[in-house]
Amino acid sequence: MADVREGGCLCGNARYSIDVEDGEIGNCHCTICRKHSGAPYETYINVKADKFQWVTEPKGYIKTGDESGRQFCKNCGTPLSFLSETSPEEVSITAATIDDPSGLIAQYEIYTSTRMDGVPPVAGAKQFALGGE
């Protein structure tokens with residue numbers, strides 16, 4: 001059964017619809033995610049591309065790796081997505097931008113080898129020192 005939710009940036013210029021039913025939720029502790037979010041880690045929900053749709057696509061994009069980049073709102077700066085050129089069938093959306101994130105709990109954490117001091121692991125979440133398997 002579908003669990004479709006809406007989300008978007010702080011100013012409302014970028015909006016989307018996402019079916020979170022089969023989404024995988026995880027925290028990334030890598031340096032790039034910390035800098036991108038301005039937080040100790042960034043939480044993403046990963047879904048198949050056909051489970052996600054921009055209502056109003058953000059205008060900001062920054063390449064953050066050889067084969068990856070991130071979309072953000074150019075007006076308010078809200079980070080919205082991670083895109084991998086090697087996995088175009090998947091979309092990773094920053095979970096904190098979902099209007100109603102209730103019930104969305106991290107199932108895994110990656111790049112825990114660079115986790116900030118004082119940030120505890122999420123209970124029950126799989127832990128990966130580097131990227132997930």
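Reader: In what order do the elements of the chain run from the N terminus on?

Author: The order is β-β-β-α-β-β-β-β-β-β-β-β. That makes one helix and 11 strands in the chain. Helices are DSSP runs of H or I with at least four residues, strands are runs of E with at least two, and both are numbered from the N terminus. This is a predicted model: local features need pLDDT of at least 70, side-chain atom pairs count only at pLDDT 80 or more, and totals for chains, interfaces and linings use all residues. Residues are numbered from 1 along each chain as its sequence is written, and side-chain values use heavy atoms, with hydrogens and water left out.

Reader: What makes the chain as compact as a globular protein of that length?

Author: Its radius of gyration is 14 Å, close to the 14 Å that the globule rule gives for 133 residues, so the chain is as compact as a globular protein of that length. The radius is taken over C-alpha atoms, and the rule is 2.2 Å times the number of residues to the power 0.38. The C-alpha atoms fill a box of roughly 35 × 35 × 30 Å along the principal axes.

Reader: Where is Thr31, and why is Thr31 called partly exposed?

Author: Thr31 lies in helix H1, residues 31-37. Buried means under 20% relative accessible area, exposed means over 50%, and partly exposed is in between (1.4 Å probe, protein chains only). Thr31 has 38% relative accessibility, so it counts as partly exposed. Thr31 and Tyr41 are 10 residues apart in sequence, and their C-alpha atoms are 8.6 Å apart in space.

Reader: Why is Cys33 called buried, and Cys76 partly exposed?

Author: Cys33 has a relative accessible area of 2%, so it is buried. Cys76 has 29%, so it is partly exposed. Of the 133 residues of the chain, 40% count as buried.

Reader: How many disulfides does the rule give?

Author: The count is zero. Cys33 is in no disulfide: the nearest cysteine sulfur, that of Cys28, is 3.5 Å away. Cys76 is in none either, with the nearest cysteine sulfur, that of Cys73, 3.7 Å away. A disulfide needs a pair of cysteine sulfur atoms within 2.5 Å.

Reader: What share of the contacts with a separation of 6 or more comes from residues 24 or more positions apart?

Author: Such residues account for 49% of those contacts in the chain. Contact means heavy atoms within 4.5 Å.
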